[in-house]
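Hi,

Here's the structure I said I'd send over. Have a look at it first, and my notes follow right below.

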Amino acid sequence: MEKIAKIGWESTEPVPAGHQFTPYLQEKNGRLHLDGLDLAQLMQDSTQLSGLDTRLTSPLEVVYLPLIRQRIAEMRAVFAAVREELNYAGQFHYAYASKANAAEEVIRTTLGTGAHHEMSSTIDVDIARLMIARGLLTPERMIICNGFKAETTDYAANIIRLHDQHPNLIPVVEDLGELPPLIRSGREFQVGIRQKCYGPHDDLADMDRSNSRFGMDLEDVWKAVDYISAAPNLQLTMYHAMVGSQILNREDFVEWLEPPMEVYARLRKRHPSLRIFNFGGGMPVRMTLNFQFDYRAFIHLLLATMQQMCARYDVPVPDIMGEFGRYTTSEHGAHLFSIITAKDNFSTLPWYIIDGSIMTSFPDSWALGEHFIVLPLNYLDQPFQQVRLGGITCDSDDVYPPHNSASPLYLPVETEGLAIGFFSIGAYQEMLGGVRGSKHCVLPEANELVVDRDEAGRWQYDIIPGQAAADVLRNLGYRP
Ligand SMILES: Cc1ncc(COP(=O)(O)O)c(C=O)c1O
């Protein structure tokens, strides 16, 4: 049976005054506010908001950069507190996994917090170069190069060139075939090795059986470290073990990381240059309203388990790195729509039709049945009813909640001028759906509002225009 995800208001009663849905979404006078920003006002007449003199139209993407900074600061604070409590001797390194959202404003914001930078393809290298030129990716930041870097790829060659500009670069070797270009380059590279360990496993043998195209099995890990030790220009620095994504059970998370910890400790015994244990991604974040995860308890268990493992093998504990993708960017993104019509055609529930597409905006909802938070922006103080949402495309999958979902969606009965928002959609959705380009049923891309606050807390807005009809037509090869 599917676990019921709480994706919005779950009753026909109005939302109580001042109700806090999440730390950043709150009811106020019947309207939804995002950290104090009146979202209904953005859709109705944005010129009434101080600092914004453009009238915005629906649908509208909103990104709120302070939430990225908050998430990073919170994770660093928890690691600092637990390290102190356990007297953990290693450092913590926060890296942003740029595949979750590679938009300029996101990368600029993560780097602005001092985060290290993780990448996965050759264009990522070009992005890093631009950020170095702007003085944002400074020399002390580590750049971690994951992804397939086989000998003949542009990515492998581009990484080697980037090293000339930014030597603090760690290619993480996925496969033995990735080593020769690094060795031949003659550059002094720090390198990482990636263990095949995705998904559940109890011990080393079980981990080796994992069905994953990422990383090397145990035999190849040992071969790789031998080649690295024999190469005069390579130094083994990092061990990488990623076991999953959005892992909601902290015991599972650490249990799956335990066999990799053991491999780390054995490797460290023979290779004292090894100093970073990188657990990759997987850190969960609130994508529904009933999300629960005790970050502190997870990190406590992670570091304590690592201490025990290292004591068993009599090696020093490593620095810990996480590559936080979804955790960093999920919550900063919202997508607002207007209800263009409410249709009661004797389907099981009334249909509320939005002025955009659910399936092209949030591909994980139809492809994987994933849930996101959906709330009205106005009429929160009025009665609700259970409904289904439909996108404006003619596709039967363009609906929300996803097919087979057991999660009910309640929205206000009043639909005249009703606007809604999808929340916690800032990771992966835009990258999977594509930025610009042509979309299903030739729907144009929405305008995007980038929202930030200056040091005095004043709102700052930047508008990234969406697509006009001419852009879509040109993109498909039509010329006027
Ligand atoms: C190597 C690597 N690191 C980090 C991440 C980010 O994972 P998450 O979004 O779960 O934080 C991914 C995601 O696929 C990944 O492949």
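There's a nonpolar patch on the surface, made up of Val442, Leu473, Leu476 and Tyr478, with a combined accessible area of about 390 Å². Keep in mind as you read that this is a predicted model.

One member of that patch, Leu476, sits in the segment that follows α15 (469-475). Its relative accessible area is 40%, so Leu476 counts as partly exposed, since that class covers what falls between under 20% (buried) and over 50% (exposed).

Next, the sheet. It's an open one built from four strands, ordered β1-β2-β3-β4, with antiparallel pairing. β1 (20-22) and β4 (37-38) are the edge strands: each has a single partner strand, so one side of each has no neighbour in the sheet. As a general reminder, strands in a sheet pair through backbone hydrogen bonds, in either a parallel or an antiparallel way.

Further in, β2 (residues 25-28) and β3 (residues 31-34) run antiparallel and are joined by four bridges. If you want a residue pair to click on, try Leu25, whose bridge partner in β3 is Leu34.

Last one: Asp226. You'll find Asp226 in helix α8 (residues 218-230). Is Asp226 buried or exposed, going by relative accessibility? Neither, really: at 40%, Asp226 comes out as partly exposed. I also checked Asp226 against Thr415, 189 residues apart along the chain, and their C-alpha atoms are separated by 66 Å.

Cheers

Key: Residues are numbered from 1 along each chain as its sequence is written. This is a predicted model: local features need pLDDT of at least 70, side-chain atom pairs count only at pLDDT 80 or more; totals for chains, interfaces and linings use all residues. Side-chain values use heavy atoms; hydrogens and water are left out. Patches are made of residues with over 30% relative accessible area and no salt bridge: like charges are joined within 9 Å, nonpolar side chains (Val, Leu, Ile, Met, Phe, Trp, Tyr) within 5 Å. Accessible areas come from the Shrake-Rupley method with a 1.4 Å probe; for residues, only the protein chains shown count as cover. A salt bridge is a side-chain nitrogen of Lys or Arg within 4 Å of a carboxyl oxygen of Asp or Glu. Helices (H or I, at least four residues) and strands (E, at least two) are DSSP runs, numbered from the N terminus. Buried means under 20% relative accessible area, exposed over 50%, partly exposed in between (1.4 Å probe, protein chains only). Two strands pair if DSSP finds at least two bridges between them.
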